[in-house]
Structures are given as structure tokens and as C-alpha cells.
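Welcome! Here are some exercises to work through with the model open beside you. Try each task before you read its solution.

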Amino acid sequence: MKKVIFGLTIELRQRKKPESSENKESAKEEKINNTAIPERVPKHILFQRFAKIFIGCLAAVTSGMMYALYLSAYHERKFWFSNRQELEREITFQGDSAIYYSYYKDMLKAPSFERGVYELTHNNKTVSLKTINAVQQMSLYPELIASVLYQATGSNEIIEPVYFYIGIVFGLQGIYVTALFVTSWLMSGTWLAGMLTVAWFIINRVDTTRIEYSIPLRENWALPYFACQVAALTGYLKSNLNSYGERFCYLLMSASTYTFMMMWEYSHYLLFLQAISLFLLDSFSLEQSEKVHEVYKIYIFSLFLGYLLQFENSALLVSPLLSFVIALMLAKCLQLNVKKGTFVAKIMKVINFYLVCTLTVTLNIIMKMFVPHKENGHMLKFLEVKFGLNMTKNFTMNWLLCQESLQAPSQEFFLRLTQSSLLPFYILVLITCFLSMIQVIFRRINGKSLKETITLEDGQIGERPEIIYHVIHTILLGSLAMIIEGLKYLWTPYVCMLAAFGVCSPELWMTLFKWLRLRTVHPVLLALILSMAVPTIIGLSLWKEFFPRLMTELMELQEFYDPDTVELMTWIKRQAPVAAVFAGSPQLMGVIRLCTGWMVTSLPLYNDDDLLKRNENIYQIYSKRSAEDIYKILTSYKANYLIVEDAICNEVGTVRGCRVKDLLDIANGHVVCEEGDKITYSKHGRFCHEVKINYSPYVNYFTRVYWNRSYFVYKINTVISFQS
């Protein structure tokens, strides 16, 4: 058997080298004689490598820990958190953040974990006349995990629930920073790039994260896992990675991809952009096809496992990610029998884009036809209006368009990035890598193969597949961030990472010098010098300008003071019946649900059509509608109390057409506007103003029971005595 196997190997070698005519024995001896004996690496080189890795890992972990501690200290100073009562602490969670934390509290109050999960999946104590699966609809897996950890670790005897909850989120942000550090380190080869990444991330934290505004947001839980996935993918795409490192990166990538998908309902859209980047990387023939298709398998596995564990979430089956990956797999099967380098193969490369796009759209349409789903249809309508493809008077659509996070970035955003020197260096690095990538693509089109090993003297940074992936990915994310400002929190962290990698990479400087044909100074030596000098100068300037500001922020004691809301919550807990249902703005309803536990009519969530309709109907209390109309709307949701917010009723916005009352007037046709010969108006006054005057017919339907400077609470009468 051994001879037969050995004979096969010799036969294969002869096919590759037809000039060899030796017999089996001579071939064996020649193979043995020509086999290079691996030289042992000197001990001092091994020590240098170990020291470099040890210092880099220590710096990465330390950076993450320091950032987590910084967030904790800043949060304490901003809200004076430890000196507040529980009610005042909970008020700091606003809007949808309050909803997420309220379910964490419910899990801790449940007699058992199983019972708590059942009550959340069959929840009828949050929104009146509605039973929801809160775990699936609101992606409450972070709260489930946090509640289990809090009770399993015995932390209930050591730390308060709120500190444990925000501590986990701050810890994840530390992991986020560490993952960005490692990604930049892997790309540049020096941990100095990781340090610069962290510095830029913290200095520009207003544009890199929303952690200091809304701690429980799903993205704050999910994006650290995505950063870990990107770091693992970066290592996995490297050409010089050994088998053990490749296996570790693959396992880390698999675990982080699935976890990311479980933590955030919009995660598959971000992974869809990543899949497009990998598809372009594969299409450019950068010899990473097998690795790229292994990543596609991870996507499919994570989607189907997520579908099963997310209560058969149909949104994952109809997601563009699944259709796109399946289309890529089918397109690959059609090209299996085509030899590389042939004319037919080149033709297939040309039509591959069209084939994949067509299959993706077709499969997605088929999936939506056969799979019952409630995908975010309102988001598609929003995009149509956003890009001017449609016009609407719909309140919800116009309200979304007026949100600052859904508008184009402001000039202040670019000014902040420029002042921290991030944007100029990012543009330099991006242009250099992009042009080098274009050079590589043209070489591949002309039939030139890539080098097995890329040296510094080559000055071809665009030949590295992990660099190409990041260039494509950051262009896609940046294009979206230029349209919708809220997406800057996905793009800016990778701007920090890519810019830091570039200025610390000798390959990038060498690529520039090769284009400039530098001859006066040895380009390799100058590239090495600049890769150390430029980041050092940047770091010193950032330290001098921004470090005192960070220290000042930690030293200043800011006080979160909202006595009106505290008084309102206290009154509800003391005076309102336990079975009462409250109606008001969705943001306020989230706080009421958290602080009191009372049932509400609406929630500040925008992924459910019924909740969006409820929000629009409840907002009618700020429109020019009659008392009877408002009464019918509120009683249809079994509301017992109505809360009118003076800040919304008397809102004075910088953009007049974006005030809630203006949007309602447009939707209801209650604004004075000429449409041909028709002039529309309302014969009723604005409800939130009229109800405060306490005259008929408003007193017939509503009785004021509490008020302060910000809120007016009205009991909705059950017995009406109609008066003229």
C-alpha cells in the first residue's frame, strides 16, 4: 500500500515537471537530499517576538479596561449616580432605553428564570389590549443574559441591579475598543497603531458611540461582538496565517457572528454589507475564494440557528443576507467546471455581478412570497421618501425624516473629525489603499498573478486581501453614513482603525514613495522612520490638546435634575390605581413603564406597524381635533389617564415644519394651504391648549387630577354628561 501511494505521488510530480525521468528510488533520494532542513530560530529573535506580542496584548487589554473605567467614572460624574435614589436613577434611562431596562427588572422579580421568560414571551402587562413576544420583538437576549449572570454569580448580595447592568455594557465597550486595537495591530504589524486607534476613538466618542446617551441600546450590546468578528475576519484573511491561527480566527468569527445576530435585530443588514465586501474581494480574484465561501457558510449557519432560537423569526429568512449568500453559492456552482484563466472564465467573471444580483432579488421575492413575515415595511417607505422617490403627508414618515439621526451629517460632524486630525489622515490612507487596490485589480485582469510573499520593497499594499476588504467595507459604510447621520456610529470607529493602521504601516508609506519615485533618500528607511515618527507626533499633539479636556470632564460634577418627572412618577405610584392605563407621548410612556410598572397605550419602538399606528393616534392630543375625537381614540385603547407634556404642546423648534404639532396639522389637513382654489383649516383649537382651560365640552370628557410645570394629568371620564 505504501509503495502504491508513493508511486502516485511520484506520478503527480512527473506531471508537474515532465523533464524529470528518474525512477522511483532516485526520485526518492533526490527528494530527501533536496529537502530543506528547517533552521532553528535564534533565541533572541523568539524573545523579541514574544515580547512584542506580550506588550501588544497587554496594551490592548489595558486600553479596553481603562476605557471601561473611564465610561463608568464619566457616567458617575454626569448623573451623580451613586447619590441618587432608585427612581432618579431610572429616570436617566430615556425612551426605548427605559423599556429595555424595565424588562431586566421584570426578570429579576420573576420567581424563576423559566417563569420570567414565559411572561416576557406572552407579555400582556405592558401595552393595553396587546399581547407581545417581547423577547423576539425587542431583542431582549441581553437582558436575559444579564439577569441570569446577576443571580447565578450571587451579585445580588454585593451590587445593585442597575450597577451590574451598566457595568456589563461598559465592559462590552472595553471589549469593543480592544477589538479595534487588535484589528489595527493585525493590519499594520505594530501595536502602536492600536494605541492611536483607541486615542482617536475616545477623543471622537461623540461620533463613535452613543453609550453616554442611551446605555441599554441594542447597538451598545451588539457592536462589540461585531468588532470581534471583524478582528477575527481580518486575521482569517491574512495570507501568511498558520493553520492554528486560521482555526482560532474561524471559531472566534463563528461565535461572534452568531452572538451579534442574536443581540441586534438589524445585525443582518450590517452583515449584508460585509458579505458584499467579501463578494467584491472574491470577484477581484485575490485568491481568497475558499476562505470567503467559508465565511458565507458561517452566515447561513448563524441565520438558521438564529431563526430557530429567536422563536422562528421570519425576518431572518427574508433578509437580503440569506438571499445574497444563497445566490453566491449558486453562482459558484455554475462556475465549478470552468478552468481558471480561460476566456470562458473571464466572461463568467464579467457576468457574475449580474448573475448574483439577479439571483439575489429573485430569491428574496420568492422567500417573501412563501414565508409569512412582518419585515420593516415602513423603513422601505421611509427610504423612498428620503431619496425623493415618493411624497407623503403621513405623520410617521415625516416624523422619522425630521429625526436628527436620520438626516444627512452636519458640518459640525466633519469639523470635529478634522480638528482631531482623524479625517485628513483617513482620506490619505483610503485614497492610497484604494488606488493600490485598483492597480492590483488591473494586473489581475491582464492575467498577472499575485505574489506569494509581499515584501516592503514592493510597495504594493493593495495586494493584501485584508486591506482590500476593509477599504471596500469602509467605503460602503461611509456612503451610508453620508446619507443618514445615525449610521456614523458604525462608520467612524472603523475610520479610527483604518487611519491609525495607515499612518503606522511602512507599506503604505512605501507605496506612496514608489509612486513618487523617491530617489534622494532610501525609501525603505524613510518609510520605517515615518511609520514611527508620524503616529508619535499625532499622539503627542492629541495628548497635549485633548487629554486635559478628558480630565476636566471627569473632574466636573454634573447634576441630572428633573424634579417634574420625579414628582409625576411619585404621584402615579401613590395615587393611580394598579390597573390604570396611561396615554401620552411614547418617550414618556417608556419612563412610566420602567419607573412605575403601570400599563401604557404605546411604546417608543418603531419596528412594529401596530405600535407605529398607536403612536400616531396618541399624538393626536397635540393636534387640532375635537374633544370627542380624542376621547374616542383614548377609550379605544382602554386608557384611564392622559398626560399632556407642555414641552411638546408649546414646542418651539428651530425647524418649524418638524415640530410634532406641525406634522400632525399636515397629516390631518389642518394647515392653511392653497391647493388650487381650496383652503383647508380646522374649526377646533389645539387640544392640548383647549383642555387646560377647563370649559365644555372638554370637562365632560376629561378631569384634571394632577399638574406641575411640565405635565398635566387628566382622568378620562367613564360617564359623560354632554352639555351644550
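**Exercise 1. A strand and its partner**

Which residue in E7 is the bridge partner of Thr-703? Work outwards from that pair to the strands around it.

*Solution.* Keep in mind that this is a predicted model.
- Step 1: Begin with the pair itself, in which Thr-703 is matched by Lys-715 of E7.
- Step 2: Now look at the strands as wholes. E6 covers residues 702–707 and E7 covers residues 711–716; they run antiparallel, and five bridges join them.
- Step 3: Follow the chain from E6 to E7, and you pass through a hairpin of three residues.

**Exercise 2. The strand E3**

Find the strands that pair with E3, and decide whether the residues of E3 are buried or exposed.

*Solution.*
- Step 1: Start with E7, which pairs with E3 in the antiparallel sense over five bridges. Here Lys-715 of E7 stands opposite Tyr-641.
- Step 2: Turn to strand E1 (residues 581–583), whose pairing with E3 is parallel and has two bridges. In this pairing, Leu-642 of E3 lies opposite Ala-583.
- Step 3: Recall that side chains in a regular strand alternate between the two faces of the sheet. In E3, Tyr-641, Ile-643 and Glu-645 point one way, while Leu-642 and Val-644 point the other way.
- Step 4: Check the cover. E3 spans residues 641–645, and five of its five residues are buried.

**Exercise 3. A helix and its neighbours**

Which helices do the buried residues of H32 pack against?

*Solution.*
- Step 1: List the buried residues of H32 (residues 660–668): Val-660, Lys-661, Asp-662, Leu-663, Leu-664 and Asp-665.
- Step 2: Look for their neighbours, which are helix H20 (395–402), helix H29 (609–618) and helix H31 (646–649).
- Step 3: Step past the end of H32 to Gly-669, where phi is positive, near 70°.

**Exercise 4. A patch on the surface**

Which helix gives the most to the nonpolar patch?

*Solution.*
- Step 1: Mark the members on the surface: Ile-427, Ile-431, Phe-434, Leu-435, Ile-475 and Trp-515, with about 480 Å² of accessible area together.
- Step 2: Helix H22 (residues 422–445) gives the most, with four residues. Ile-427 is found in H22.
- Step 3: Classify Ile-427. Its relative accessible area is 40%, so it counts as partly exposed, the class between under 20% and over 50%.

**Exercise 5. The whole protein**

How many helices and strands does the protein have?

*Solution.*
- Step 1: The count gives 34 helices and seven strands.
- Step 2: For the cover, 51% of the 724 residues are buried.

How values were computed
Residues are numbered from 1 along each chain as its sequence is written. This is a predicted model: local features need pLDDT of at least 70, side-chain atom pairs count only at pLDDT 80 or more; totals for chains, interfaces and linings use all residues. Side-chain values use heavy atoms; hydrogens and water are left out. Two strands pair if DSSP finds at least two bridges between them. Buried means under 20% relative accessible area, exposed over 50%, partly exposed in between (1.4 Å probe, protein chains only). Contact means heavy atoms within 4.5 Å. Patches are made of residues with over 30% relative accessible area and no salt bridge: like charges are joined within 9 Å, nonpolar side chains (Val, Leu, Ile, Met, Phe, Trp, Tyr) within 5 Å. Accessible areas come from the Shrake-Rupley method with a 1.4 Å probe; for residues, only the protein chains shown count as cover. A salt bridge is a side-chain nitrogen of Lys or Arg within 4 Å of a carboxyl oxygen of Asp or Glu.
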